[in-house]
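Open the model in your viewer and keep the selection tool at hand. Each stop below says what to select and what is there.

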Amino acid sequence: MRRTVATPSPRHVSSAAAHDWEPMMQSVSLRRATPDDAERVLAWREEPSAGHYQPLRPTSAARLRQRFASEAKHPIDPHFIGTATFVIEVRGTPAGWMTL
């Protein structure tokens, strides 16, 4: 499942100043993490700044591959219970991850 959200221009900014906001008005999408994302997510998790905002237990690419494959077996619907990991993409380029 992929969802795209366009960042709207702030209402309090004049139309002339809104042009300055254009770089921030990018397409952002979320998609479920797949086993192919394991190495990339592991690299993001190992960035020193990542642990600053959330506790991250040490893991391996193999464990992440296994986890993402397991998560994919459970569709996200109104009755979903569990954990889902998403890759955040900006203009189609992976930019980060989040787990809900």
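Start with strands β3 and β4, which pair in the antiparallel sense over six bridges. Keep in mind that this is a predicted model. Select Val90 and look across to β4, where its bridge partner is Thr93. Two residues lie between the strands of this hairpin, and one residue to click on is Arg91, which takes a positive phi near 55°.

Now keep β3 in view and add strand β2, residues 27-32. How many bridges join β2 and β3? There are five, and the pairing is antiparallel. To see one of these pairs, select Leu30, whose bridge partner in β3 is Ile88.

Next, select helix α2, residues 38-45. Which residues of α2 are buried? They are Ala38, Val41, Leu42, Trp44 and Arg45. Turn the view until you look down the axis of α2: the buried residues fall within an arc of 160°, so they line one face of the helix. What does this buried set pack against? The partners are α3 (50-53), α4 (61-72), β3 (85-90) and β4 (93-99).

Two residues of α2 make a useful pair to click on.

- Val41: buried or exposed? Its relative accessibility is 1%, and buried means under 20%, so Val41 counts as buried. Apart from neighbours within four places in sequence, Val41 is in contact with Leu64, Phe68 and Trp97. Draw a C-alpha to C-alpha distance from Val41 to Pro94: they are 53 residues apart in sequence and 9.7 Å apart in space.
- Ala43, also found in helix α2: this residue has a relative accessible area of 41%, so Ala43 is partly exposed. Draw a second distance, from the C-alpha of Ala43 to that of Ala61; the separation is 9.2 Å, for residues 18 apart along the chain.

Now select the largest nonpolar core, which has 11 residues: Ala33, Ala38, Val41, Leu42, Trp44, Ala50, Ala61, Leu64, Phe68, Val87 and Trp97. Which elements give two or more residues to this core? They are α2 and α4. Helix α2 gives the most, with four residues.

Stay in the core and click on Phe68. With neighbours within four places in sequence left aside, Phe68 is in contact with Ala33, Thr34, Pro35, Asp37, Ala38, Val41 and Thr85. Val41 is therefore on the contact list of Phe68, just as Phe68 is on the list of Val41.

The last stop is a space between atoms. Rolling a probe the size of a water molecule over the atoms shows where empty space is left. The largest pocket has a volume of about 180 Å³. Which residues line the largest pocket? Select Arg45, Pro55, Leu56, Arg57, Pro58, Thr59, Arg63, Leu64 and Arg67 to show the lining. Helix α4 supplies the largest share, three residues. Two of the lining residues have come up before: Arg45, one of the buried residues of α2, and Leu64, one of the residues of the largest nonpolar core.

Technical notes. Residues numbered from 1 in each chain as written. Predicted model: local features only at pLDDT ≥ 70, side-chain atom pairs only at ≥ 80, totals over all residues. Heavy atoms only, no water. Buried < 20%, exposed > 50% of the residue type's maximum accessible area, 1.4 Å probe, protein only. Contact = heavy atoms within 4.5 Å. Arc of directions from axis to C-beta. Pairing = 2+ DSSP bridges. Core = buried A, V, L, I, M, F, W, Y, C linked by side-chain atoms within 4.5 Å. 1 Å grid on protein atoms, 1.4 Å probe; cavity = no way out; pocket = protein on both sides within 12 Å on 5 of 7 lines; lining within 4 Å. Points joined across faces, edges and corners; volume = space filled by probe spheres on them.
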